[in-house]
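Welcome, and thanks for taking a look at this one. Below is a short tour, grouped by topic, to read alongside the picture.

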Amino acid sequence: MRNMEYAVRGKVVITADSITSSLKTNPSAYPFSKIIYTNIGNPHSVGQKPLTWPRQVMALVDLPDDVGVDNPNVSKLFPQDAVERAKELKSYMGGCGTGAYSHSQGIRGIREEVAEFIEKRDGGIKCNPDDLFLTNGASTGIGHILTACISGPSDGVMIPIPQYPIYSASLALLGGKQVGYYLDENKEWSASIEELERSLKEAKKNGVNVRAFVLINPGNPTGQVLSSSAISSVIKFCSKHSLILLADEVYQENVYDPNKTFISCKKAATEAGMLGKFEMVSFHSTSKGIFGECGRRGGYMELTGFDPDVQAQIYKLASSGLCSGIPGQVMTSLMVKGPKPGDVSYDSHENEKKTIFDSLKRRAVMVSEGLNSIEGFECNAAEGSMYLFPKVDMPEKAIQEAKKQGTNVDTLYSLSLLEATGICVVPAAGFGQEPGRAGFRTTFLPQEEEMKQAVELFKSHHEQFLEKYK
């Protein structure tokens, strides 16, 4: 536990929270009035409005029947399709409501809805609700699978570099080995099979028993969207080396490049004739996409190709936590099954989703172009997800100063940016990167005017930083 690190809520964020407290008692303490939090994919915390219809259904599901779905005045407050959807969800709970535990894999009716969603998404490929686990966000599911993979200090998991820190942190906590494979920044953060083989060979040479492989698509922190052929290459690599594929697909709705399409690993495996011939777990979440319902902690994982005895052990692990939170299960249901065409809320719900998506798409372009306009910055476009991962040329004096302070230049730079502008980013070192590279990860989730201001602040700070360390 002492060795694990979780950079998105690390030193820079702790400092930002401290500054926020200081500004409440001394508003003139810093040259800004508030912190702009771009450190984490937490949309509602930075101004994204919740979707109306899911919240209406959620309220009705939570309310006792006599003051909710069965109240004679319910139609004065809630649209009829929200009332009917809430009744349907309540029927799945067998009269127990949201205050009771569910089956350890989640409410059966909701798992059936998720299965229908997956089948529709993947063009009719069958999904068995018994292979689905409803989880507290994707994070709990990832934790279950990594726990199942790591039985001792010689076991390892291949993770991309850069990666999302839940993987490195969890492996440190479990006492396993992180086996990094580098994404090529000069080729839109792709990973060659040569690099995968190199990484695996080196790990085996060092006595590491590699058990699993993590693929994040669309990428976090890198924002790339993989082609079907790229995914198929990874699938064949995993099958060849008997590796469990962990398909982190929580940003599947966040694809902004009109020339790119999200393709699930399950669909790619089917097209390659590999489905069921190797072990794969895919993850999704209500925290991302258009919903951004991070606090609900809703999500799911689907297991394919697993031996029933192994799946039984994963069920036992899930059972030790009894079940995932019921509000998160309900929100997962509403994510995969919204109002139908013709329902009274359909048009308004779709318009709300489109407004959020279009704004995210504009911000993705605006911020990447803005960062690339800064001398000394290089930043690949965000084809998907919610992040940008610019490379920043650092002056040698800053590198030496960071060493003197016992830190890395990414953290030195990020703290300088925070204290000068109020922008809270995550040092790139927290995600891993090529030796000699430096930079940070930023979201583009704050609202458009705020992100436009942030781009100007990124530029002015960088000029001041270069002047300080010239």
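Let us begin with a small sheet: strands 10, 14 and 13, in that order, make an open sheet with antiparallel pairing. Strand 10 (387-388) and strand 13 (426-427) are the edge strands, and since each has a single partner, one side of each has no neighbour in the sheet. Please keep in mind that this is a predicted model.

**The open sheet and its surroundings**

- Two bridges link strand 13 to strand 14 (residues 440-443), and the two pair in the antiparallel sense.
- Within this pairing, V426 sits opposite R441 of strand 14.
- Leading towards strand 10, the loop that starts after strand 9 (377-378) contains S385.
- S385 has a positive phi, near 65 degrees, although the residue is not glycine.
- S385 is also buried, because its relative accessible area is 0%, and buried means under 20%.

**Strands 2 and 8**

- Strand 2 (residues 132-135) runs antiparallel to strand 8 (residues 299-304), and four bridges join them.
- One facing pair is T135 and G299, the latter in strand 8.
- In a regular strand, side chains alternate between the two faces of the sheet.
- In strand 2, L132 and L134 point one way while F133 and T135 point the other way, and all are buried.

**Strand 5 and its parallel partners**

- Strand 5 (residues 209-216) is largely enclosed by the rest of the structure, because six of its eight residues are buried.
- Strand 3 (residues 155-161) runs parallel to strand 5, with four bridges between them.
- D155 has N209 in strand 5 as its bridge partner.
- Strand 6 (residues 244-248) is also parallel to strand 5, and five bridges join these two.
- I216 faces D248 of strand 6.

**Unusual backbone spots**

- As background, most residues other than glycine have a negative phi, and most peptide bonds are trans.
- N217 and P218 are joined by a cis peptide bond, with omega about -10 degrees.
- Another cis peptide bond links N220 to P221, where omega is about 20 degrees.
- P218 belongs to the loop between strand 5 and helix 8 (228-240), and P221 is found in the loop between strand 5 and helix 8 as well.
- L322 is not a glycine, yet has a positive phi of about 70 degrees.
- The loop between helix 10 (308-319) and helix 11 is home to L322, and L322 counts as partly exposed at 41% relative accessibility.

**Helix 4 and the helices it meets**

- Two packed helices are described by the angle between their axes and the distance between the axes.
- Helix 4 (residues 108-121) and helix 11 (residues 326-336) have axes that come within 9 Å and cross at roughly 30 degrees.
- This angle makes helix 4 roughly parallel to helix 11, and the crossing is left-handed.
- At this contact, I110, E113, V114 and F117 of helix 4 meet Q329, V330, T332, S333 and V336 of helix 11.
- Helix 3 (residues 80-92) packs on helix 4 at an angle of about 120 degrees, and their axes are 7 Å apart.
- That angle makes helix 3 oblique to helix 4.
- R85, E88, L89 and Y92 of helix 3 meet G109, I110 and E113 of helix 4.

**Two buried helix residues**

- Helix 14 (residues 409-421) includes L415, which is buried with a relative accessible area of 15%.
- Leaving aside residues up to four places away in sequence, L415 touches K11, V12 and T15.
- L415 and E116 are 299 residues apart along the chain, and their C-alpha atoms are separated by 46 Å.
- S368 lies in helix 12 (residues 346-372) and is buried at 7% relative accessibility.
- With residues up to four places away in sequence left out, S368 touches A381 and L388.

**Cysteines**

- How many disulfides does the structure hold? There are zero disulfides.
- A disulfide is a covalent bond between the sulfur atoms of two cysteines.
- The closest cysteine sulfur to that of C96 is in C323, 11 Å away, which is too far for a bond.
- For C127, the closest cysteine sulfur is in C265, and at 15 Å this too is too far for a bond.
- C96 is exposed at 54% relative accessibility, whereas C127 is buried with a relative accessible area of 8%.

Technical notes
Residues are numbered from 1 along each chain as its sequence is written. This is a predicted model: local features need pLDDT of at least 70, side-chain atom pairs count only at pLDDT 80 or more; totals for chains, interfaces and linings use all residues. Side-chain values use heavy atoms; hydrogens and water are left out. A disulfide is a pair of cysteine sulfur atoms within 2.5 Å. Buried means under 20% relative accessible area, exposed over 50%, partly exposed in between (1.4 Å probe, protein chains only). Two strands pair if DSSP finds at least two bridges between them. Axes are lines fitted to C-alpha atoms, for helices over the stretch in contact, and angles run from 0 to 180 degrees between N-to-C directions. Angles under 35 degrees count as roughly parallel, over 145 as roughly antiparallel, 65 to 115 as roughly perpendicular and the rest as oblique. A crossing is left-handed if the near helix is turned anticlockwise from the far one by less than a right angle, and right-handed if clockwise. Contact means heavy atoms within 4.5 Å.
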